[in-house]
Amino acid sequence: MKQGQKMMDGETIHRNINGGWMRPAVFGAMDGLVSNFALMVGVAGGSQAVGIENTTAIVLAGFAGLLAGAFSMAAGEYTSVASQAELAMAEIEIEKNELRQNPDAEIKELAEVWIKRGVSETVAMQFSKELSNNFEAFADAHTSEEFGVTAGDLPSAKMAAISSFIAFAAGATVPLVPYLLGSTKIVYSMIISLIGLFGAGAMVSLVTTRTWWYSGTRQLLIGSGAAAITWFLGTTIGAAL
Ligand SMILES: [Zn+2]
């Protein structure tokens, strides 16, 4: 039983490295970069249309966009993960009640899982019976076989919210960096954002099957397309004001 627990823990660590935090971190950062880059370019275009490039307005828009986007991402992520965990906890409680009310049938049910995989009936029944002496481990075995989760394995909504806030904010900071270093020209934001888009896209290839240059170029095109649209809208609306 200790061996089984250890294997399950190892599996958890493995899964977290691949899909747990890496994926939302990269996608959250890309989200922040694309949306803030497009927002700042839109304001730059709009202010250029009415005369001069308004650095104050661009930087204010950048900070507001960073905070608004990061809070909205965190809130969305919190709600999504929390409701998912609550749903799983409710299912786990139902399963635990079944284990308490019908322990013999549940011992047999778990044994059958192993019998189907080729374990002999004697060994499977003995294993299941012994495991049932530890109620929590027995419940974990049932819930992970039946719907793929255990009580200790549920993602934390708070951690999900904090990490998506940080990821979005990190991406959204990229187009602001030249201004923080004293620049007054949107063109430097554009250059660093395009580099950032390519880099973020290339990083996505680590969790997909695409090559780094394909993912990088695709992200570069999507991000610069979004910025081109907001630039066009900004200049059009700016000129109309
Ligand atoms: Zn069961």
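Color the protein chain by secondary structure and follow the sequence: the pattern runs α-α-α-α-α-α-α-α-α-α. That comes to 10 helices and 0 strands, where helices (H or I, at least four residues) and strands (E, at least two) are DSSP runs numbered from the N terminus. What you have open is a predicted model, in which local features need pLDDT of at least 70 and side-chain atom pairs count only at pLDDT 80 or more, while totals for chains, interfaces and linings use all residues. Residues are numbered from 1 along each chain as its sequence is written, and side-chain values use heavy atoms, with hydrogens and water left out.

**Zoom out**

Now show the C-alpha trace of the protein chain and orient it along the principal axes: those atoms fill a box of roughly 85 × 35 × 30 Å. The radius of gyration is 26 Å, well over the 18 Å from the globule rule for 241 residues, so the chain is more spread out than a compact globule. (The radius is taken over C-alpha atoms, and the rule is 2.2 Å times the number of residues to the power 0.38.)

Switch on a surface next. About 13,900 Å² of the protein chain is exposed, with carbon and sulfur atoms supplying 66% of it; areas come from the Shrake-Rupley method with a 1.4 Å probe, and for residues only the protein chains shown count as cover. Buried residues make up 33% of the 241. Here buried means under 20% relative accessible area, exposed over 50%, and partly exposed in between (1.4 Å probe, protein chains only).

**Select the zinc ion**

Which residues hold the protein donors of the zinc ion? Pick Glu 95 (OE), Glu 106 (OE), Glu 109 (OE), His 142 (ND1) and Glu 146 (OE), lying 2.1 to 2.3 Å from the ion. Donors are N, O and S atoms within 2.8 Å of the metal (3.2 Å for Na, K and Ca); water is not among the atoms, so sites may look incomplete. In sequence, the donor residues are spaced E-x10-E-x2-E-x32-H-x3-E. One pair links distant parts of the chain: Glu 95 sits in helix H3 (residues 55-101) and Glu 106 in helix H4 (residues 103-116), 11 residues apart. Glu 95 and Glu 106 are both buried.

From donor Glu 109, jump to Glu 121: the two are 12 residues apart along the chain, and their C-alpha atoms are separated by 12 Å. Glu 121 lies in helix H5 (residues 121-131) and is exposed, at 57% relative accessible area.

**Three more stops**

Stay with helix H3 and select Gln 101. Is Gln 101 buried or exposed? At 68% relative accessibility, Gln 101 counts as exposed. Draw a C-alpha distance to Phe 71, 30 residues apart in sequence, and you get 45 Å.

Then go to Ala 137 in helix H6 (residues 135-147). Ala 137 is buried, with a relative accessible area of 9%. Leu 181 is 44 residues from Ala 137 in sequence and 55 Å in space, C-alpha to C-alpha.

Finish at Ile 192 in helix H9 (residues 186-204), partly exposed at 29% relative accessibility. Leaving aside neighbours within four places in sequence, Ile 192 is in contact (heavy atoms within 4.5 Å) with Val 174, Pro 175, Val 177 and Pro 178. Also pick Phe 37: it is 155 residues from Ile 192 along the chain, yet their C-alpha atoms are separated by 9.8 Å.
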